[in-house]
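Student: Could you take me through one part of this model up close? I'd like the helix packing and whatever sits around it, with the cut-offs spelled out as you go.

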Amino acid sequence: MKLEKYSFGTGDRFGHQGKAQLDAMKKAKEAGVEIAIVWNKSHREHLIVGTSPDDVRKEADEAVSSSNWSGAYYVDADHIGLSNVDDFLESSDFFTLDVADFIGEKADENEIEAFVEKYSEYCGQLLIDGITTPLEVTVEKIRKIAEKYLVAVNQAAKIYQYIETRKGRDNFVTEVSMDETAEPQTPEELLFILAALGDKAVPVQTIAPKFTGRFNKGVDYQGDVEQFNREFNDDVCVIKYSVSAFNLPANLKLSVHSGSDKFSIYRGIRKAIEQHNAGVHVKTAGTSWLEELIGLAESGERSLELVKDIYERAYSRFDELCAPYSDVIDIDRNLLPSSDEFRKWNGLQVANSIRHDATCSDYDLNVRQLLHVGYKVAAEFGETYLQALKDHNDIVGKHVCNNLFDKHITPLFL
Ligand SMILES: [Zn+2]
């Protein structure tokens, strides 16, 4: 199973937007770009919303068969480890092996020594095609990288082998993710992480490093855009170099765990992949759920009231809802409207406050982020919420599709 050059990861909290999400890929195809769609859902998300990996498979298959989609599609067991991969084995054909927790754990001294010795030939100025300044590689740097990452790579190999013995080689796509950690990885670190993955024969097709800057959920990138662009370009070149140097799959590419809506870095990503004829996987968070809220708010009456009920509960349970996401949200609590205030807004105001349009004066990134992590509350409304989605399927689906196509796919690929 070989992942295509361009792929796009979409989340769908409640499993009702598969078709609308696929419509965005169809529009891309009509416009001349083929993008494989990957439905991703993590263990954490399943727990919070009360779904199972089989539900995602069912949704994906149904969306594809009802849409006459002939392009590629996958179901991603997102951010899994040995402790929770079992539930995903049957339904997933894409596995994101999350080894971030193992970064910094020190490997056996002999193993570190052997790694340093093997790669000491890279010491000095390492010129990599497409990178302006040569990488400065020293024995000390290689040792530091080995000390920091070998255990994580070994863990990736363990998870990979576990899945391989159960699903069979070549029956799934392997991604390795190291993004949910405190420090970003430099292009030099990426180079030797890839070397180590090659040593362990992990057929990694996408790798998700932690990039410089903040990737908060559902809002734009925060950080030095120029620095990101430079590092992203260098990472793309490091990958190209590593494929032949370390015997890795030819289609290996970067995976950007974007957390959605990183509009300000899309230009840099696009430029680098075009310039180096590289692929990319862009994983988004479950912001389709926010498009659901926007559609429901615009529909007015009972569905608008439902959005307000959800806000009220989310507002009163701020700490509980934000805790699992504390590293990837930044909400100024004092600036959130009270539930009473929110209740006074009309449908358009509510929709505008949630919709990510920085030029709109009603846009409120605090409201948007709180609701983004507030899907647990909507899950508690159960059938009431799902019925509202069915009743307003047209407007909600339109927003889901247009959001993906206009704001993400167009700037990235068209
Ligand atoms: Zn991630």
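Tutor: Here is a walk around helix α9 and its partner, followed by a second helix pair and a few loop residues.

Two bits of housekeeping. This is a predicted model, where local features need pLDDT of at least 70, side-chain atom pairs count only at pLDDT 80 or more, and totals for chains, interfaces and linings use all residues. Residues are numbered from 1 along each chain as its sequence is written.

Let's start with α9 itself (helices are DSSP runs of H or I with at least four residues, strands are runs of E with at least two, and both are numbered from the N terminus). α9 has twelve residues, and its first and last C-alpha atoms are 17 Å apart, close to the 16 Å expected at 1.5 Å a residue (the expected span is 1.5 Å times one less than the number of residues). Twelve of the twelve residues of α9 are buried, so the helix is largely enclosed by the rest of the structure. Here, buried means 20 or more other C-beta atoms within 10 Å of the residue's own, exposed means 12 or fewer, and partly exposed is in between, with C-beta atoms placed from the backbone. The buried set includes Trp289, Gly295 and the glutamates Glu291, Glu292 and Glu298.

Now for its partner. Two packed helices are described by the angle between their axes and the distance between the axes. For α9 (residues 288–299) and α10 (residues 301–316), the axes come within 6 Å and cross at roughly 130°. That makes α9 oblique to α10. For the wording: axes are lines fitted to C-alpha atoms, for helices over the stretch in contact, with angles running from 0 to 180 degrees between N-to-C directions. Under 35 degrees counts as roughly parallel, over 145 as roughly antiparallel, 65 to 115 as roughly perpendicular, and the rest as oblique. The crossing of α9 past α10 is left-handed (the near helix is turned anticlockwise from the far one by less than a right angle; clockwise would be right-handed).

Who touches whom? On the α9 side you have Leu293, Leu296, Ala297 and Ser299, and they meet Ser303, Leu304, Leu306 and Val307 of α10 (contact means C-beta atoms, placed from the backbone, within 7 Å). By class, that contact has six nonpolar, two polar and no charged residues. The classes are Ala, Val, Leu, Ile, Met, Phe, Trp, Tyr, Cys and Pro as nonpolar, Asp, Glu, Lys and Arg as charged, and the others, Gly among them, as polar.

Have a look at the junction as well. Just after α9, Gly300 takes a positive phi of about 70°. Glu301, in helix α10, has a positive phi too, about 45°, although it is not a glycine. With 8 C-beta neighbours inside 10 Å, Glu301 counts as exposed.

From farther along the chain comes His392, in the loop between α16 (383–391) and α17. Leaving out residues up to four places away in sequence, His392 touches Gly295, Leu296, Ser299 and Ser303. Its C-alpha is separated by 9.0 Å from that of Glu292, 100 residues apart along the chain. His392 counts as partly exposed, with 19 C-beta neighbours inside 10 Å.

Next, the second pair. The axes of α6 (residues 187–199) and α7 (residues 225–245) come within 9 Å and cross at roughly 25°. These two are therefore roughly parallel to each other, and α6 passes α7 in a right-handed crossing. Pro187, Leu190, Leu191, Leu194 and Ala195 of α6 make the contact with Glu231, Asp234, Asp235, Val238 and Ser242 of α7. By class, this contact has six nonpolar, one polar and three charged residues.

α7 also turns up around α8: what covers the buried residues of α8 includes α7, β9 (253–257), β10 (280–283) and α17 (393–413). Those buried residues are Ile265, Tyr266, Gly268, Ile269, Ala272 and Ile273. Just after α8, Asn277 takes a positive phi of about 50°.

Finally, Pro249 sits in the loop between α7 and β9. Pro249 is partly exposed, with 17 other C-beta atoms within 10 Å. Apart from residues up to four places away in sequence, Pro249 touches Pro203, Val204 and Gln205.

Conventions
Two residues are in contact if their C-beta atoms, placed from the backbone, lie within 7 Å.
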